[in-house]
Amino acid sequence: MIKYSLTCKCSCTFDSWFASSSEFGRLMKKKLITCIECNSNNVNKSIMAPNVSGSKKIDNINYEFQKNIKKKIIKYQKFIKKNCRYVDDRFAQEARSIHYNKKETKSIYGRVTTDEINELNEEGIETITIPWYDKTEN
Ligand SMILES: [Zn+2]
């Protein structure tokens, strides 16, 4: 069995199964393949997604892409943990005291709410937020 994505002159696309590519060719010649929308036999094989394995490849690329992003974030997390001081949920207070007192030069990291981020931004205190993965997930 082989799956083809088909496009019609009416601009609709649909998937259809055929016994083989030659069977598809035979049905095509006899104009036995019709559009599911308008019933016309003006259908053609779509070059966008020729078969099942094609779309599976796209899934794999997405998966790899997301895996790499996660890897990068975890790497970034390690850097932050090594170079910054953890302040837990006192991030907003600590960020303010650093900003206004200019005592500490070491960066901090911790938990912060969206409201707090907005407040800090309004006060001209720059923050960076990244998704945070737990160690156990590693
Ligand atoms: Zn059609």
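These notebook entries record what I looked up in a predicted model of one protein.

**Entry 1: overall make-up.** I began with the secondary structure and found 4 helices and 5 strands. Read from the N terminus, the elements follow the order β-β-α-β-α-β-α-β-α. I then looked up burial: of the 138 residues, 6% are buried. I also checked contacts between residues at least 6 apart in sequence, and 50% of these join residues at least 24 apart.

**Entry 2: strand S1 and its partners.** Which strands pair with S1? I found that S1, residues 2–8, pairs with S2, residues 13–18, in the antiparallel sense, with 6 bridges. Within this pairing, Tyr 4 is opposite Ser 16 of S2. The two strands make a hairpin with 4 residues between them, and in its turn Ser 11 has a positive phi of about 75 degrees. S1 is also joined to S3, residues 43–45, by 3 bridges, again antiparallel. There I noted Cys 8, whose bridge partner in S3 is Val 43.

**Entry 3: helix H3.** Which residues of H3, residues 91–101, are buried? I recorded Phe 91, Ala 92 and Ala 95. They lie on the same side of H3, because they cover an arc of only 95 degrees around the axis. On the other side of H3, I found Gln 93, Tyr 100 and Asn 101 exposed. I next looked up what the buried residues pack against: strand S4 (85–88), strand S5 (108–110) and helix H4 (114–122). Lastly, I noted that Lys 102, just after H3, has a positive phi of about 50 degrees.

Definitions and conventions. Residues numbered from 1 in each chain as written. Predicted model: local features only at pLDDT ≥ 70, side-chain atom pairs only at ≥ 80, totals over all residues. Buried ≥ 20, exposed ≤ 12 C-beta atoms within 10 Å, placed from the backbone. Contact = placed C-beta atoms within 7 Å. Pairing = 2+ DSSP bridges. Arc of directions from axis to C-beta.
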